[in-house]
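User: Please take a close look at the largest pocket in this model. What lines it, and what is the chain around it like?

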Amino acid sequence: MEISLSNLTLLVTILLVGLVAGLCFTWGNAVTPGIGRLDDLGYLQAFQKMNRSIENPLFFVVFMGSFPIGLITVFMNKGISPSHFWMILIAVGIYFVGVVLVTIFGNVPLNQVLDKTDLVTSSIEELQALRQRFEEPWNRFHTVRIFTSSIAFTLLVLAAINK
């Protein structure tokens, strides 16, 4: 079986966006509710450690690679039916706005504030204030990522199965 370059790029885009959608869903469905039950220090320490561990080469390839590979997929699939082309283009656009930009301008600045804080020397009041400034906005931004990555993944799959 021979696979075309346009189908290969679509497959890779689906895989990468699917991995991100799965990560976002799992993080929002299990991780944040679970650590949300911890006290302020435990919550902030757990989040700080997870943020530091997720920043690794494989994560960046998957998370950030989805968009440029998606653009290549759009370009490689210009000749397919207009409806399928638009599904791919809209999926890549939704991913960029709702996942990449929301992460860069929403979640990352909050993560940076948390990362710069010495949690061990912070007072109980400082920990409580930091958690209040961090938790709700971070989860709100993350909810956007859950929905947009899931929508992008669905559109890509629909474009592939109906191509």
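Analyst: Here is the pocket, after a short look at the chain. The model is predicted, so to speak, on its own terms: local features need pLDDT of at least 70, side-chain atom pairs count only at pLDDT 80 or more, and totals for chains, interfaces and linings use all residues. Residues are numbered from 1 along each chain as its sequence is written, and side-chain values use heavy atoms, with hydrogens and water left out.

The chain has 5 helices and 0 strands. Helices (H or I, at least four residues) and strands (E, at least two) are DSSP runs, numbered from the N terminus. The C-alpha trace spans about 60 × 25 × 25 Å along its principal axes.

Now the pocket. Its volume is about 460 Å³. A pocket is an open set of points on a 1 Å grid over the protein atoms alone, where a 1.4 Å probe fits, with protein on both sides within 12 Å along at least five of seven lines. Lining residues have an atom within 4 Å of a point. The volume is the space filled by probe spheres set on the points, which are joined across faces, edges and corners.

The lining has 24 residues, and the closest to the centre are Ile 54, Glu 55, Phe 59, Val 108 and Asn 111. Helix 1 (5-35), helix 2, helix 3 (57-76), helix 4 (82-116) and helix 5 (124-161) each supply at least two lining residues. Helix 4 gives the most, with 8 residues.
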